[in-house]
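These are a colleague's comments for someone who is meeting this structure for the first time. They begin with the protein as a whole and then turn to a pair of its strands.

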Amino acid sequence: MIEKFARTLPNGTTLSCRASGEPGRPLMVFLHGFPEAAFIWDEMLAHFAKPEHGGYRCVAPNLRGFEQSSAPKDVAAYKAPLLIQDIQQLVATESADGTMAALVAHDWGGAFGWGYANAFPEQVAKLVIINSPHPGTFVRELRENPEQQKASAYMNFLAHPKAEEMLAADDYKRMWPFFELMKAGPDGFGWLTEDVKNQYREVWNAGLTGACNLYRVTPMKPPMPGGSIDSIPVLPKERFTVNVPTFVFWALDDSALLPGLLTGLEDYVPNLEVKKVPNATHWIVHEQPKLVAAEIERFLNQ
């Protein structure tokens, strides 16, 4: 049974959440990305709440700007430290000592997962990242790799002042290809059924401005045509180092995030395990949920 609730935090943000498992048990937190929402984790929440799989308290918030969570209009309200603060304050409501047994994150959720583990390593026992680039290697690839620049060009479209209007037009005609171009339809992995589409419609109907603001606020996107890579910041290595046991799950057929993002990752994450998965895409949580759950469980039990 998936529990649903809204949690208002000390900073004034309200996060709509989905959860499973007994409060007070060791905590697992699951962070989604774009253009998704907390519901994508339901199978994982149910799995890890079972005693035979650890009996965790599992919580998946909708990030600010998504679904029924607070969605400030100001672009600056989506800077990474503020979203990390949301998660930290949510964790404090679920964990007596403010710690997590595991933080599991995908896509944009992974960006905040990397940032959280860098800033507060003592609060994260284990980190699991699913197809979300580490900022250190992402900056390098955006500055130096034309193929990753091309693969990430969609970020500039999503940062367009009218992106949400264009995305919502004609029953989200521009949204479905994010999935369908990576085999989500009936001629591929087949997970994007009409029922699942309706779950997405319900999320997107609540508004897309918050999600688009993530792309507007970040300087980590490829330069516009004629632009310079100097717009992409180069930060000191300590801003990117993650001293937490980390498992990176990487689907190799992700057309937006290329495998070169894994090169040199160990320089930033000393305690690192990487599993590369062929014949899987950015949407591997949908495509192979049992494999994802089994690999996370194995890592947690090490």
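1. The model shown here is a predicted one, and a sensible place to begin is burial: of the 302 residues of the protein, 54% count as buried.

2. The secondary structure comprises 12 helices and eight strands. The radius of gyration of the protein is 18 Å, which is close to the 19 Å that the globule rule gives for 302 residues, so the protein is as compact as a globular protein of that length. The C-alpha trace, followed along its principal axes, spans about 55 × 45 × 40 Å.

3. Among the contacts in the protein with a separation of 6 or more, 74% are accounted for by residues 24 or more positions apart.

4. As to the surface, the protein exposes about 12800 Å², and 53% of this area is supplied by carbon and sulfur atoms. The charged side chains number 27 positive and 35 negative, and the centres of these two sets lie 2 Å apart.

5. Strand 6, which runs over residues 127-130, deserves a closer look, since in a regular strand the side chains alternate between the two faces of the sheet. Is each face of strand 6 covered or open? Both are covered, with L127 and I129 buried on one side and V128 and I130 buried on the other.

6. The partner to consider alongside this is strand 5 (residues 102-106), which pairs with strand 6 in the parallel sense over four bridges. Within this pairing, V104 stands opposite V128 of strand 6, and V128 is itself one of the buried residues named above.

Conventions
Residues numbered from 1 in each chain as written. Predicted model: local features only at pLDDT ≥ 70, side-chain atom pairs only at ≥ 80, totals over all residues. Heavy atoms only, no water. Helix = DSSP H or I, 4+ residues; strand = E, 2+ residues; numbered from the N terminus. Rg over C-alpha atoms; globule rule 2.2 N^0.38 Å. Buried < 20%, exposed > 50% of the residue type's maximum accessible area, 1.4 Å probe, protein only. Contact = heavy atoms within 4.5 Å. Areas by Shrake-Rupley, 256 points an atom, 1.4 Å probe, with all protein chains shown as cover. Lys, Arg positive; Asp, Glu negative; His and termini not counted. Charge placed at Lys NZ, Arg CZ, Asp CG, Glu CD. Pairing = 2+ DSSP bridges.
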